[in-house]
Amino acid sequence: QSYMMLQRDMEPVKEAISVCSWINKKTAGGVTDAWFTYNAPSKIHEILIAGRISGYAYMNRNNIENSQAVPSNEWHHICITWGSETKTRVLYFDGQAIAQEASGDVKLTMGGSIAIGQYHTKATMEAIFNNGHWFGGELLKLNVYKRQLEAGEVSQMFSSGMCSDFEDSLVGEAFLRWETILYATERHGTITEVPITCPGDHWNVLYFTDFYNKVVDDGLLKRMEDQFEVLEEFFGHKIDDPLIQHLKDHH
């Protein structure tokens, strides 16, 4: 069980919200691999977004119907937006709106909790989870905004790429910033920061691990060699803190 939890005053997003992130899912299709949930008292799934977004893209407790397949071990950009003014919920995949539906006259219910990296059904900060449902993948630049982003903004966020600073142009609209999640939110279980190299800088990825603690073998090395050098000195070892530190030091 690897997760982060927050309890915030949700009033700024009561009438509009957007949740956007780059994700790299690792789990099999049968797992409810939720990477973001917001549950309110007596109203679970106010917001729920899973790696397998088909069937698991909830806003205002309503699933946004879609049939989008999300391949594992690939980076993709996901956004879910809603606004009481437009009365619409919109789901985006890699910069394109793939589903939209009317929300009616609703508001986001207050008084709940946010869970990141684990499927959660409680409004409180209780860490009660279903062991069969976990994210087990990577997140990058997860941001929550206090308005419904426009289609052009979501498209530009995706087309600018993982290494861009486009999100800085929306910092005044942020309700929960990636930097807050990365550096100021308590972590539970096994969550690892892994840097990705970008021109002139790098971004830290949060790894919620089904991958962590797997034993390095020929197959795993083969899958890693596109990103990293072949780590022969770690053959037979587990992916743990020394290995992660090695990747940070050398890549």
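This is a short walk through one structure, from a few paired strands to its salt bridges and one of its helices. Just keep in mind that this is a predicted model.

Okay, let's start with the strands. Find strand E4, residues 43-50. How many of the eight residues in E4 are buried? Six of them, so to speak of E4 as mostly covered is fair.

Now look at what E4 pairs with. On one side of the sequence there's strand E3, residues 34-40, and E3 and E4 run antiparallel, joined by five bridges. If you want one pair to click on, take Thr37, whose bridge partner in E4 is Leu48. Between E3 and E4 the hairpin has two residues, and Ser42 in that hairpin takes a positive phi near 65 degrees.

E4 also pairs with strand E5, residues 57-59. That pairing is antiparallel too, with three bridges. Here the pair to click on is Ile47 with Met59, the bridge partner in E5. The hairpin of E4 and E5 has six residues between the strands, and which residue there takes a positive phi? It's Gly55, near 90 degrees.

Right, on to charges. As background, side chains of opposite charge can pair when their charged atoms come close. The structure holds eight salt bridges, and I'll show you a few.

One of them is between Glu101 and Arg89, at 3.2 Å, N to O. Glu101 sits in strand E9, residues 96-102, and Arg89 in strand E8, residues 88-93, so we're looking at distant parts of the chain, twelve residues apart. Is each partner buried or exposed? Glu101 is partly exposed, with a relative accessible area of 21%, while Arg89 counts as buried because its relative accessibility is 4%, and the cut-off for buried is under 20%.

Next, Glu167 and Lys141 meet in a salt bridge at 3.1 Å, N to O. Glu167 lies in the loop between helix H1 and strand E14, and Lys141 is in strand E13, so this pair ties together parts that are 26 residues apart in sequence. Both ends are covered here: Glu167 is buried at 9% relative accessibility, and Lys141 is buried at 3%.

Then there's Arg147 with Glu173, 3.3 Å, N to O. Arg147 is in the loop between E13 and H1, Glu173 in the loop between H1 and E14, and they are 26 residues apart. Arg147 counts as partly exposed at 22%, and Glu173 is partly exposed as well, at 28%. There's a third member to look for, since Arg147, Glu153 and Glu173 are linked in a network of salt bridges.

Glu153 takes us nicely to helix H1. Which residues of H1 are buried? Glu153, Val154 and Met157. Why do they end up on the same side of H1? Because they cover an arc of only 100 degrees around the axis. The general idea is that an α-helix has 3.6 residues a turn, so residues three or four places apart point the same way.

What covers those buried residues? The cover includes strand E2 (16-24), strand E7 (75-83), E8 and E13. Now spin H1 around: the face turned away from its buried side carries the exposed residues Gly152 and Ser159. And one last stop, just after H1, where Gly161 takes a positive phi of about 95 degrees.

Terms used. Residues are numbered from 1 along each chain as its sequence is written. This is a predicted model: local features need pLDDT of at least 70, side-chain atom pairs count only at pLDDT 80 or more; totals for chains, interfaces and linings use all residues. Side-chain values use heavy atoms; hydrogens and water are left out. Buried means under 20% relative accessible area, exposed over 50%, partly exposed in between (1.4 Å probe, protein chains only). Helices (H or I, at least four residues) and strands (E, at least two) are DSSP runs, numbered from the N terminus. Two strands pair if DSSP finds at least two bridges between them. A salt bridge is a side-chain nitrogen of Lys or Arg within 4 Å of a carboxyl oxygen of Asp or Glu. The arc is that of the directions from the helix axis to the C-beta atoms. Contact means heavy atoms within 4.5 Å.
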